[in-house]
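Reader: Before we discuss individual residues, I would like to see the chain itself, and then to ask how each label attached to it is justified.
Author: Here it is, and I will set each value against the cut-off that applies.

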Amino acid sequence: MIQNYIKIAWRNLIRNRAFTAINIVGLALGLATCLLIGLFVFNELSYDRYHEKADRIVRVVFRGTMNGEKMREANVMALVAQVLRNDYPEVLDATRLRTGGVPRITYGDRTFKEEAFAFVDSNFFQVFTLPLLKGDARTALVQPNTVVISEKVARKYFGDADPIGKVLTIKDSQASYTVTGVFDKVPANSHFHMDLFASMASVPESRQPNWLVSGYFTYLVLPEGYNYRQLEAKLTRVVETHMGPALEKLIGIGLTEFRKKGNDIGLYLQPLTDIHLRSDFKAETEIEPGGDIRYVYLFAAIALFMLLLACINFMNLSTAGASRRAKEVGIRKVMGSEKSRLIGQFLVESILLTGLSLVLAIAIVYLALPFFNDLSGKELDLDLLRTPWTLVGLVLFGLLVGALAGSYPAFFLSSYKPISILKGGTTGRVVSRGSIGLRSSLVVFQFFVSITLIIGTTVVYRQLRYIQNIKLGYDKEQVLVINETWTLGRNEEVLRRQLLQDTRVTSASISGFLPAGSPNNGILSLYPDGNDAQLFRMGYFGVDYNYIPTLGIKLVAGRNFSPEFLTDSSAVIINEAAVRTFGWHKGALGKTLTNPGVLLSSGQNKVYRVVGVVKDFHYRSLHEEIAPMVMALGDNSGSIIVKARTQDMADLLASIKEKWEGFGTGEPFRYSFLDESYQATYQAELRTGRILALFAGLTIFVACLGLFGLVKFATEQRVKEIGVRKVLGASVASIVTLLSLDFLKLVVIAIVIATPVAWYAMDLWLQDFAYKITMSWWMVVVAVVVTVAIALLTISFQSIRAALVNPVKSLKSE
C-alpha cells in the first residue's frame with residue numbers, strides 16, 4: 001500500500017509541475033536556512049563544552065563602581081587563585097592564564113612573531129582538556145622557563161625533528177624556554193586560542209601580593225553538582241580581608257567608608273560555558289572578543305520563521321488547490337476508501353515532497369556554506385551533517401516537517417462530502433469561510449515576518465552608516481599606522497624624522513596608543529586637585545609633542561605639549577569629559593591631578609598639572625560614552641602615526657618600507673590604516689546587518705512564492721467570472737485591481753501588526769549604543785513601500801495574465 005501511495009503521489013507531483021516547483025523551492029530554502037543557521041547556533045552554543053570538566057569550571061571576575069564609573073574586568077589579581085584554593089574546600093583546583101603579549105621568538109636563524117602566547121600555571125592541562133601529543137601534562141610546566149607548544153608551531157620552528165628539549169628564545173628579553181610538550185591545537189570553539197603556553201613560574205609578578213593590580217584570568221574547579229552561587233556569596237570575605245586593606249593603603253579610607261560614598265568592589269564567578277556568549281566585560285580585559293547570545297536568539301528565530309513560512313506556503317497552496325483534487329476524493333470515497341487512507345495518501349505526498357526539498361536544501365547548504373562563512377566570520381563545515389546520528393536526525397526532521405506541513409491539507413481534503421462534490425462539481429468546504437480565513441491568516445503571518453526583518457535591516461544599516469559618518473573628534477582618513485616601531489629602539493625617532501622629510505607626509509607622531517581598533521589605552525587612578533577623598537579611574541594615553549596635531553584633535557583650552565616647557569614632563573592634557581567629571585566648570589588649566597600609584601624619591605606622590613583641554617573624541621567603542629581621559633608625555637613607544645597627503649599611497653608605502661629595511665632589524669614592515677582599524681571595531685554589527693539583509697530577502701522571496709501560487713489558483717477558480725466581466729465591458733485594469741485588492745488587504749494588515757513589533761525590537765537593539773540614530777517614520781515607510789511593491793509585482797504578474805485571456809476560451813464550455 002505504501003508503494004501505491006508513493007506511485008500516486010509521484011504522478012500528482014509530476015502532473016502539477018508549477019505547484020510542485022513552488023513548494024520544493026520554498027521548502028528547500030526554508031530547510032537550507034534552518035540547516036545553515038542551525039550550524040551557526042550549534043557552533044556558538046558549543047564553546048568551551050569540549051572540556052571534560054566544563055560544567056564544573058568557573059572564572060573569577062572583578063566588578064565594581066568608582067565615582068559612578070562601572071568597572072567590569074574579566075581578569076583578577078595574581079593571588080586570588082592561591083587564596084581561594086587554600087581557604088575554601090569547595091575549590092578543588094585553581095589555575096591561571098596571563099596573556100604574554102606578542103613576542104618575537106627565535107630558533108636558530110628562524111624568527112617569528114607569535115600572537116598567541118600566554119603564561120599558565122603548571123596544572124593548566126589538568127583543568128582544561130588539551131591532551132598532549134608529546135610530554136607529560138602533569139609536569140611539563142612545573143619548572144620556570146618551560147613551554148608547551150602546538151603542533152603547528154613545532155613544525156614551523158623544527159620541521160620534522162622532535163621538539164622536546166629544544167630551546168626557544170624570546171628575542172626582546174633574551175629569555176630562553178625549553179619545549180617540554182606538544183599539543184594538537186586549541187579547538188575553534190574555545191574562548192582562548194593559544195599556540196604557546198609558557199610556565200607561570202617564569203613570571204615573578206605572579207607571586208607578588210598586589211591586590212590592586214589585575215591581569216590574571218583565574219579559573220576554579222568546583223565539585224560535581226555544586227551551585228557556584230554558594231561560593232560566590234563567600235567571596236566578600238576575600239575582598240574585605242585582602243582587597244580592603246590594599247585599597248585603604250592607597251586612598252587612605254577603609255572599605256566601609258569607600259562603600260558609603262556609593263563605591264564598591266567585589267569578586268564574582270562566571271561559568272566557563274557562559275564566557276563566549278554572556279560576557280559584558282570591557283573588551284580590553286578579555287582574552288579575545290566573544291559572541292552575543294542575543295544574536296544567537298535572533299538567528300534561531302529567523303531559522304524557525306523561515307521554516308514556518310515554507311510550511312505555510314505548502315499548506316496554503318495545498319488547500320487553495322483543493323478543487324483540483326475534489327473529484328478524485330469524491331470518487332475514492334464512493335468507491336469505499338476510508339478517511340484514514342486518504343489522509344495517509346496526502347501525508348505521503350507531503351513527505352515525498354519534503355524529502356525532495358531536503359535533498360535540494362542539503363545541496364544549497366553545501367554550495368552556500370563558503371559564502372555564509374565569509375558573511376558570519378565563522379569556519380563552519382559539514383562534518384556535523386556526516387555523522388550517523390545527524391543523518392538519522394535529518395531524516396526524522398524531514399518526516400516531522402512533512403507531517404506538520406501536510407497535516408492540515410490532508411485532513412482538509414479528506415473531509416470533503418462526496419455527494420456535494422459529485423452532484424454539481426462543488427467542493428463543499430473548499431471555499432468555506434474557515435479555510436479562506438486560515439489561508440489569509442497564514443499569508444498575513446508570512447508578510448509580518450518579512451516586514452519585521454526589512455525594518456530591522458533598515459535600522460541596522462542606518463546605525464552602521466551613522467557609525468561610519470559620525471564626527472569622531474579626530475582625523476582617521478589618510479592616517480597610516482606603522483606598527484611595532486618599538487623594535488627599532490633608538491631609531492624609532494630617527495625614522496619619524498626621516499618620514500617628515502617626505503613632502504607627502506604632513507605630520508608624524510610616536511605613540512602606542514590609538515583611538516581606533518582594539519582598545520589599548522592604559523588606566524590611571526588619580527585624585528583631582530589634591531582631593532584625596534575622591535579617586536577617579538581615567539583612560540591614559542602616553543603621547544609625544546606631535547600626537548594631537550597629527551590626529552587633528554582640537555584643543556578647546558590651554559596649549560599642546562611643547563619641548564620649550566621643561567616642566568611638561570609633569571604636565572597633562574585632559575578631555576572635556578574629565579572637566580565635567582571633576583566639576584571644573586570655572587576652568588581646568590593649572591589644576592592638579594595626583595597619582596597615588598607613583599612614589600617619587602622625595603617620598604611624595606607624582607603630581608601632574610593640567611596645561612590643556614581637548615575636545616571630547618571617541619577613543620572607545622560607540623557602545624560606550626566618552627569617558628574621562630588624560631594624556632601625558634612618555635611611555636609612548638609602539639607605533640608611528642603618519643598623516644599623509646597623497647593620492648598614491650602605494651608609492652608612499654614602498655618608500656617607507658625601503659626606509660624601514662634600511663635599519664636592518666630583520667623585522668617585517670607592518671602597517672595599517674586608522675580608518676580600517678575603526679571599521680574593524682564594528683565587524684559584529686556589520687555581519688549582523690548583512691545576515692539580516694540576506695534573510696530578509698529570502699523571507700520576502702519565499703512569501704512571494706506562496707503569494708504567487710495563491711494568486712495563480714485564485715485566478716484559475718475565477719476564470720469564468722473574469723470572462724463574463726470582460727464580455728460585459730470590464731477593462732484589464734479593473735480586473736487586475738479586483739484580483740489584487742483581496743491580497744493587498746492582507747499585506748496591509750501585516751504592515752499594521754509588524755510595524756510596532758519591529759519598532760520596539762529595534763529600539764531595544766539601539767539601546768546597546770551610547771551614540772545612536774533616532775528611529776524615524778520614514779524607515780517604516782521604506783519597508784512598507786518595498787513590501788507593497790514586491791507583493792504588487794507578484795500579484796500583478798498573474799492577474800494581468802488572467803485578465804488578458806480571451807473570454808471565448810474561458811466561456812466556450814458554458
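Reader: What share of the contacts in the chain with a separation of 6 or more comes from residues 24 or more positions apart?
Author: In this predicted model, residues at least that far apart in the sequence account for 78% of those contacts. The secondary structure around them comes to 25 helices and 24 strands, and 51% of the 814 residues count as buried.

Reader: Why is Asp93 called buried or exposed, and how does Arg85 count?
Author: Asp93 has a relative accessibility of 19%, and because buried means under 20%, the residue counts as buried. Arg85 has 34%, which lies between the limits of 20% and 50%, so Arg85 is called partly exposed.

Reader: What makes the pair Arg85 and Asp93 a salt bridge?
Author: The closest N and O atoms of Arg85 and Asp93 are 3.8 Å apart, and since the rule asks for a side-chain nitrogen of Lys or Arg within 4 Å of a carboxyl oxygen of Asp or Glu, the pair therefore qualifies. By this rule the count for the model comes to 34 salt bridges.

Reader: Which residues form salt bridges with Arg504?
Author: Asp502 forms one, with 2.8 Å between the closest N and O atoms, and the side chain of Asp651 meets Arg504 in another, at 2.6 Å from N to O. The pair of Asp651 and Arg504 links distant parts of the chain, 147 residues apart, with Asp651 in helix α19 (residues 649–661) and Arg504 in the loop between α16 (491–500) and β15 (505–510).

Reader: Why are Asp502 and Asp651 given their accessibility labels?
Author: Asp502 has a relative accessible area of 13%, which is under 20%, so Asp502 is buried. Asp651, with 40%, falls between 20% and 50% and is therefore partly exposed.

Reader: Which residues are linked in a network of salt bridges?
Author: Lys113, Glu115, Glu484 and Arg670 are linked in such a network.

Reader: What makes Val781 eligible for a nonpolar patch on the surface?
Author: Val781, which has its place in helix α24 (residues 777–803), has a relative accessible area of 36%; because a patch takes residues with over 30%, Val781 passes that cut-off. The patch consists of Trp777, Trp778, Val781, Val782, Val785 and Val786, with about 540 Å² of accessible area together.

How values were computed:
Residues are numbered from 1 along each chain as its sequence is written. This is a predicted model: local features need pLDDT of at least 70, side-chain atom pairs count only at pLDDT 80 or more; totals for chains, interfaces and linings use all residues. Side-chain values use heavy atoms; hydrogens and water are left out. Helices (H or I, at least four residues) and strands (E, at least two) are DSSP runs, numbered from the N terminus. Buried means under 20% relative accessible area, exposed over 50%, partly exposed in between (1.4 Å probe, protein chains only). Contact means heavy atoms within 4.5 Å. Patches are made of residues with over 30% relative accessible area and no salt bridge: like charges are joined within 9 Å, nonpolar side chains (Val, Leu, Ile, Met, Phe, Trp, Tyr) within 5 Å. Accessible areas come from the Shrake-Rupley method with a 1.4 Å probe; for residues, only the protein chains shown count as cover.
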